[in-house]
Amino acid sequence: MSNSVALAEVWRGPFMESVHRGHAVVCDDSGQIVHAWGDPQTVILPRSSAKMIQALPLIESGAADAHGLGTEHLALACASHNGAAIHTDRVTKWLDHLGLDDDDFRCGPQEPDDREARNALIRADARPCQMHNNCSGKHSGFLTLNKHLGAGPDYVDPDHAVQRACLEAFERVTGESSPGFGIDGCSAPNFATSLHGMARAMSHFAAAPTGSAEERLRTAMTLHPDLVAGEGRACTNLMRAMGGKVAIKTGAEAFFIAIIPELKMGVALKIEDGGTRAAECAIAAILVKLGVLAADHPETLKYLNAPIRNRRDLVTGAVRAAPALI
């Protein structure tokens, strides 16, 4: 990455102690850039911020309707969840409906981020399973599509029909040919594009008409912010703060997107050092700048000008948006 700009600053008392640099793009419904910071053409891996794109074939193929999937299923297909009971119980029922079980997943087991779920496993002397994986909702969507297509079991193989459908959807909505892919933490291919391409894709979702696959997915996310991430998470907190008007989604290594239907705009940002605190601060600042998030909302203040506290709970500094975003 090159030509990045400062997007978030960490202050301790009167001293700026650290700076997080990155890139961000806002697109309108024509795919044109409205705002940009850094280099819009920098090539990125959107990681889990691309889950709503990966879920497009689930709906467009007819698989979602054929298997009676509702908004909760679609929200989980876009989720990076905490592995709480509200997530794993729904995933379990989804697989039961498909006649499948945990062994059919290819995402791998993961210790849940939800404290109650993690403590329950410890008390039971049990190991986490693949349903606890933060991507198990996405993989349930993959398995649903796979069953509909009648394809083979290794649905994460880049040459599998499921992943070929995901690539077609990805290139269609980004408006670019992908230069390649990396293997994500859940073993599925994660396709690369430019930051502009990803923002263009999110503006496409924002402008999509009622009843389209894109509209159904973005609506599911805003209806169920607790399923998209979980309690205490920025995605859940900020979607609630915006009253369901905007869908946002984080991705590993400090990626973030926003889908803003009322403005028909999409946002994509990447912090180059992978710092999550900076990505959360920057996306909050951009949403405030665009007028869809109140700067003084209590949830906003957890990420924008967020206080840093020490072991004695004294405020010692703050994470602030860099001047370029203000």
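Which residue forms a salt bridge with K302? Select K302 and E299 to find out: these two are the partners, and their closest N and O atoms are 3.0 Å apart. Keep in mind that this is a predicted model.

**Stop 1: K302 and E299**

Turn on the surface. K302 counts as partly exposed, at 45% relative accessibility. E299 counts as buried, at 18%. The cut-off for buried is under 20%, so E299 falls on the buried side at 18%. This pair is part of a set: the structure holds 11 salt bridges.

**Stop 2: helix 8**

Select R172 and E168. Their side chains meet in a salt bridge, 3.0 Å from N to O. Both residues lie in helix 8. They are four residues apart, about one turn of the helix. R172 is partly exposed, with a relative accessible area of 38%. E168 is also partly exposed, at 42%.

Now add E60 to the selection. Salt bridges that share partners join E60, E168 and R172 into one network.

**Stop 3: a link between two loops**

Select D154 and R106. What is the distance between their closest N and O atoms? It is 3.2 Å, and the two residues form a salt bridge. Colour the chain by position here, as this pair links distant parts of it. D154 sits in the loop between helix 7 (136-149) and helix 8 (161-174). R106 sits in the loop between helix 5 (85-98) and helix 6 (115-123). The two residues are 48 apart along the chain. D154 counts as partly exposed, at 44% relative accessibility. R106 is partly exposed too, with a relative accessible area of 27%.

**Stop 4: the cysteines**

How many disulfides does the structure hold? Zero. To see why, begin with C129 and show its sulfur. The closest cysteine sulfur is in C107, 8.8 Å away, which is too far for a bond. A disulfide needs two cysteine sulfur atoms within 2.5 Å. C129 counts as partly exposed, at 25% relative accessibility.

Move on to C166. This cysteine is in no disulfide either. Its nearest cysteine sulfur belongs to C186 and is 10 Å away. Is C166 buried or exposed? C166 counts as buried, at 1% relative accessibility. Select C129 again to set the two side by side: C129 is partly exposed, whereas C166 is buried.

How values were computed. Residues are numbered from 1 along each chain as its sequence is written. This is a predicted model: local features need pLDDT of at least 70, side-chain atom pairs count only at pLDDT 80 or more; totals for chains, interfaces and linings use all residues. Side-chain values use heavy atoms; hydrogens and water are left out. Buried means under 20% relative accessible area, exposed over 50%, partly exposed in between (1.4 Å probe, protein chains only). A salt bridge is a side-chain nitrogen of Lys or Arg within 4 Å of a carboxyl oxygen of Asp or Glu.
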